[in-house]
Amino acid sequence: MLRRLHYQHENPWLVCGDFNEILYSFEKKGGLPRDEKKMEEFKQVLDDCQLTDLGYSGKWFTWERGNLPETNIQERLDRGVGNEEWRSLFPDFIIQHLPHSFSDHCLILINTEGNVKRQRGESFRFEAWWVLEKTFFQEVKTSWGASSGDLLNKLAILKGQLTRWANKIRQNRKRKKEILISKLEKLLEEDRDD
């Protein structure tokens, strides 16, 4: 797993592979529940490093053990994470979970050019953390109720709304983090007393 790092980077950064941890409880099927504290620590490390899950195409679970239904455990342990600079550099990327072969983990293929023909600016990736935000369901309900036209038109409007909503949350978090880091640096610089 990544260690916590405190730094600011402006270079494109991608980390891909087996993190041996999941972000959310729904990324595991079967077996004992995952430790919530470890999942929170994993989220915090990614946040500290300014890395977000890059999504995927293919099979949801990337690791599997046990052939019988009562012993089968599946988890999403393997993933690609990157920063905004990397996403900007490769806007048409696709991360694919390839089928299992000789390993209990699936291979991950990163295609920076994208196999799917799509117009720039039309890529949309639903991110799992959205549903954990208090305002998510209200945002969807408001957008859906305010839009008109056929299903495709309503989905296109919803896509735009959710993208703007998520970007605003990211910007607010980044701003809060910068303020807290600034306050912490000032505190560290001050003389200590009893």
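## Rings, helices and two separate cysteines

Phe61 is a good place to start: with a relative accessible area of 13%, Phe61 is buried, because anything under 20% gets that label. The model behind this value is a predicted one, and everything that follows is read from that model.

Zooming out helps to place such a residue. The protein has 194 residues, and 29% of them count as buried. Its secondary structure adds up to four helices and nine strands. Starting at the N terminus, the elements come in the order β-β-α-β-β-β-β-β-α-β-β-α-α, so the run opens with two strands and ends with two helices. Contacts tell a story about the chain as well: among those with a separation of 6 or more, 63% join residues 24 or more positions apart. On the outside, the protein exposes about 13,500 Å², and 54% of that area is supplied by carbon and sulfur atoms.

Now for the helices. Helix α4 covers residues 151-189, which makes 39 residues. At 1.5 Å a residue, a helix like this should span 57 Å, and its end C-alpha atoms do sit 57 Å apart, so expectation and model agree. The buried residues of α4 are Lys154, Leu158, Gly160, Leu162, Trp165, Ala166 and Ile169. A bit of helix geometry is handy when looking at such a list: an α-helix has 3.6 residues a turn, so residues three or four places apart point the same way. Leu158 and Leu162 are both on the list of buried residues, as are Leu162 and Ala166. What do the buried residues of α4 pack against? Their partner is α3, residues 136-146.

Helix α1 (36-48) has 13 residues and reaches 18 Å from its first C-alpha to its last, close to the 18 Å expected at 1.5 Å a residue. Here the buried residues are Met39, Phe42, Val45, Leu46 and Asp48. They pack against two elements, β7 (78-82) and α4. Both ends of α1 are worth a look. At its start, a side-chain oxygen of Asp35 comes to within 3.1 Å of the backbone nitrogen of Lys37. After the helix comes Gln50, with a positive phi near 55 degrees.

That positive phi deserves a word. Most residues other than glycine have a negative phi, and most peptide bonds are trans. Gln50 sits in the loop between α1 and β3 (52-53), and at 33% relative accessibility it counts as partly exposed. Asn20 is another residue other than glycine with a positive phi, again near 55 degrees. It belongs to the loop between β1 (14-18) and β2 (28-29). Is Asn20 buried or exposed? Its relative accessible area is 51%, so Asn20 is exposed; the cut-off for that word is over 50%.

Aromatic rings turn up in plenty of pairs: a search of the whole structure finds 14 of them. Tyr56 and Trp60 make one such pair, tilted, with 5.6 Å from centre to centre and 55 degrees between the planes. Trp60 also pairs with Phe61, this time edge-to-face, at 6.3 Å between centres and 75 degrees between planes. Tyr56 is partly exposed at a relative accessible area of 28%, and Trp60 is partly exposed at 26%, whereas their neighbour in this chain of pairs, Phe61, is buried. Elsewhere, ring pairs link Phe126, Trp129, Trp130, Phe136, Phe137 and Trp165 into a cluster. Trp165 has been met already, as one of the buried residues of α4.

What about the cysteines? A disulfide is a covalent bond between the sulfur atoms of two cysteines. In this model the count comes to zero disulfides. Cys16 is in none, and the nearest cysteine sulfur, that of Cys106, is 9.8 Å away. Why is there no bond from Cys106? The closest cysteine sulfur, in Cys16, is 9.8 Å off, which is too far, because a disulfide needs the two sulfur atoms within 2.5 Å. Cys16 counts as partly exposed at 34% relative accessibility, while Cys106 is buried at 5%.

Finally, His105 lies in the loop between β8 (94-100) and β9 (106-111). With a relative accessible area of 19%, His105 is buried, since the limit is under 20%. Its side chain makes a polar contact, at 3.5 Å, with the side chain of Asp18.

How values were computed:
Residues numbered from 1 in each chain as written. Predicted model: local features only at pLDDT ≥ 70, side-chain atom pairs only at ≥ 80, totals over all residues. Heavy atoms only, no water. Expected span 1.5 Å × (residues − 1). Buried < 20%, exposed > 50% of the residue type's maximum accessible area, 1.4 Å probe, protein only. Contact = heavy atoms within 4.5 Å. Areas by Shrake-Rupley, 256 points an atom, 1.4 Å probe, with all protein chains shown as cover. Polar contact = N/O pair within 3.5 Å; in protein donor to acceptor, adjacent residues only side chain to side chain. Phe/Tyr/Trp six-rings, centres within 6.5 Å; stacked < 30°, edge-to-face > 60°.
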